[in-house]
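User: Please take me through how the helices of this model pack and which residues lie buried around them. I would like each answer to be reasoned out before it is given.

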Amino acid sequence: MQSLAAQLVPKAVEKLVPYQSARRIGGQGHLWLNANELEQSAHYGDFQQGSNDHYNRYPDFLPHDTAQAYLEYCQQSVGKLDCEAVAVRGADEAIDLLIRTFCHPGKDQIIICPPTYGMYEFCADSFSVNTCKIPLLADFQLDVEQIKEQLPNSPLLFLCSPNNPTGNSIHEADIVTLLEASKDSTLVVVDEAYIEFSSQQSALCLMNKYPHLVVIRTLSKAFGLAAIRCGFLLADSSVMTYINRLIAPYPIADPTAEIALKALSNTGLELMQKQTNQLIQVREWFKSQLMLLDSVQHVFGSETNFVLIRFKGHLETYQHLIKKGIVTRDQAHEPALQDCVRISIGSKESMLETLNALKTLN
Ligand SMILES: Cc1ncc(COP(=O)(O)O)c(C=O)c1O
């Protein structure tokens with residue numbers, strides 16, 4: 001029987017032959033004159049010291065060792081996975097790739113549950129794909145029944161857990177219900193950019209049972225590597241076949257792959273875990289201090305590296321912080337987030353400075 005991915009994929013993508021870059025074609029020899037590269041590496045400064053000194057050559061067409069290292073990292077927490085992983089230029093590229101691979105422009109719609117991460121709608125818009133919005137309920141959980149109604153018309157459902165900007169995780173039972181209901185119609189994408197900060201287990205646990213589940217991850221958050229632009233898409237091989245047709249010829253730059261591999265080593269993972277634990281402690285302390293302030297109406301629970309706060313007069317607060325040189329994120333444009341500001345968690349010193357600034361607000 002045809003996989004769901006094979007049923008959904010537009011004809012144009014199905015017919016695509018992946019771009020045959022020189023690295024993908026490969027070969028054997030001692031003179032590599034096939035990719036219009038310079039034969040010798042040029043040195044432009046100290047930044048190349050200690051690196052592998054091969055920047056004259058194109059990188060791997062897909063850095064398998066980086067993707068494999070990420071898969072192994074995931075398997076440490078959820079056990080053996082039957083899926084594949086691919087490294088991409090940040091989770092943002094994964095979102096874009098999924099929409100371009102599985103949606104017919106001008107015809108299909110994706111489902112999102114606002115308030116949520118803005119790139120799902122942006123990527124859909126940029127590819128002339130409609131966005132069906134099923135708002136989160138008052139407790140920021142999914143409106144499962146409303147989503148179910150839209151599944152037959154939608155090749156992709158984007159869920160963000162823990163969710164940005166609300167900070168909460170989606171109930172696993174709701175994800176399972178939607179996975180059951182979408183088997184014949186919709187790929188369910190769970191964006192887990194903030195999963196390391198969460199106490200809830202990853203949706204990856206469901207991957208072996210549901211081949212139409214796709215999980216997106218990133219090194220930009222808990223790993224603290226936003227500048228290298230490295231994310232991962234994890235999915236069944238039936239989904240990955242089509243992603244691999246569309247992916248850019250050299251999606252990951254060598255310096256990125258090198259840094260990512262170090263981050264995913266045992267030492268790297270230990271460091272990430274230690275930093276994550278510290279951040280969670282600072283987050284909980286910051287929340288407890290916020291609740292003591294007169295200007296604060298509500299502090300939402302957070303399973304991420306930020307907190308969402310409802311202020312009494314958020315604009316005044318937001319602008320007051322700006323005047324003090326503290327830049328936060330105004331969320332009041334979201335109908336459900338009136339008077340809300342999102343504050344990322346930094347060091348204890350930074351959060352203390354923020355609290356002190358808030359205390360001087362009259
Ligand atoms: C939910 C969510 N997904 C994806 C991303 C983008 O991650 P990346 O830096 O890997 O592109 C973000 C960034 O803020 C995010 O909040």
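User: At what angle do helix H5 (residues 90–102) and helix H6 (residues 119–126) pack?

Analyst: This is a predicted model, in which local features need pLDDT of at least 70 and side-chain atom pairs count only at pLDDT 80 or more, while totals for chains, interfaces and linings use all residues. Residues are numbered from 1 along each chain as its sequence is written, and side-chain values use heavy atoms, with hydrogens and water left out. Helices (H or I, at least four residues) and strands (E, at least two) are DSSP runs numbered from the N terminus, and axes are lines fitted to C-alpha atoms, for helices over the stretch in contact, with angles running from 0 to 180 degrees between N-to-C directions. The axes of H5 and H6 lie 9 Å apart, and the angle between the two helices is about 45 degrees.

User: How many charged residues does the contact of H5 with H6 have, by class?

Analyst: Contact means heavy atoms within 4.5 Å, and here Asp-92, Ile-95, Asp-96 and Ile-99 of H5 meet Met-119, Tyr-120, Cys-123, Ala-124 and Ser-126 of H6. Ala, Val, Leu, Ile, Met, Phe, Trp, Tyr, Cys and Pro count as nonpolar, Asp, Glu, Lys and Arg as charged, and the others, Gly among them, as polar. On that scheme the contact of H5 with H6 has six nonpolar residues, one polar residue and, as for charged residues, two.

User: Are H4 and H10 roughly parallel or oblique to each other?

Analyst: Angles under 35 degrees count as roughly parallel, over 145 as roughly antiparallel, 65 to 115 as roughly perpendicular and the rest as oblique. Helix H4 (residues 64–78) packs against helix H10 (residues 254–263) at about 25 degrees, with 9 Å between the axes. H4 and H10 are therefore roughly parallel.

User: On how many sides of H12 do its buried residues lie?

Analyst: Buried means under 20% relative accessible area, exposed over 50% and partly exposed in between, with a 1.4 Å probe and protein chains only. In H12 (residues 314–323) the buried residues are His-314, Thr-317, Tyr-318, His-320 and Leu-321. Because they cover an arc of only 160 degrees around the axis, taken from the directions from the helix axis to the C-beta atoms, they lie on the same side of H12.

User: Which residues of H13 make the contact with H12?

Analyst: Helix H13 (348–359) is among the elements that cover the buried residues of H12, along with strands S9 (306–311), S10 (329–330) and S11 (340–344). The axes of H12 and H13 come within 10 Å and cross at roughly 120 degrees, so the two helices are oblique to each other. Thr-317, His-320 and Leu-321 of H12 make this contact with Thr-354, Ala-357 and Leu-358 of H13.

User: What is the relative accessible area of Thr-328?

Analyst: Thr-328 lies in the loop between H12 and S10. Leaving aside neighbours within four places in sequence, Thr-328 is in contact with Tyr-318, Leu-321, Val-341, Arg-342 and Ile-343. Thr-328 is buried, and its relative accessible area is 9%.

User: Which residues does Glu-334 touch, not counting residues up to four places away in sequence?

Analyst: Glu-334 is found in the loop between S10 and S11, and Glu-334 is buried, with a relative accessible area of 16%. With residues up to four places away in sequence set aside, Glu-334 touches Pro-114, Pro-115 and Thr-116.
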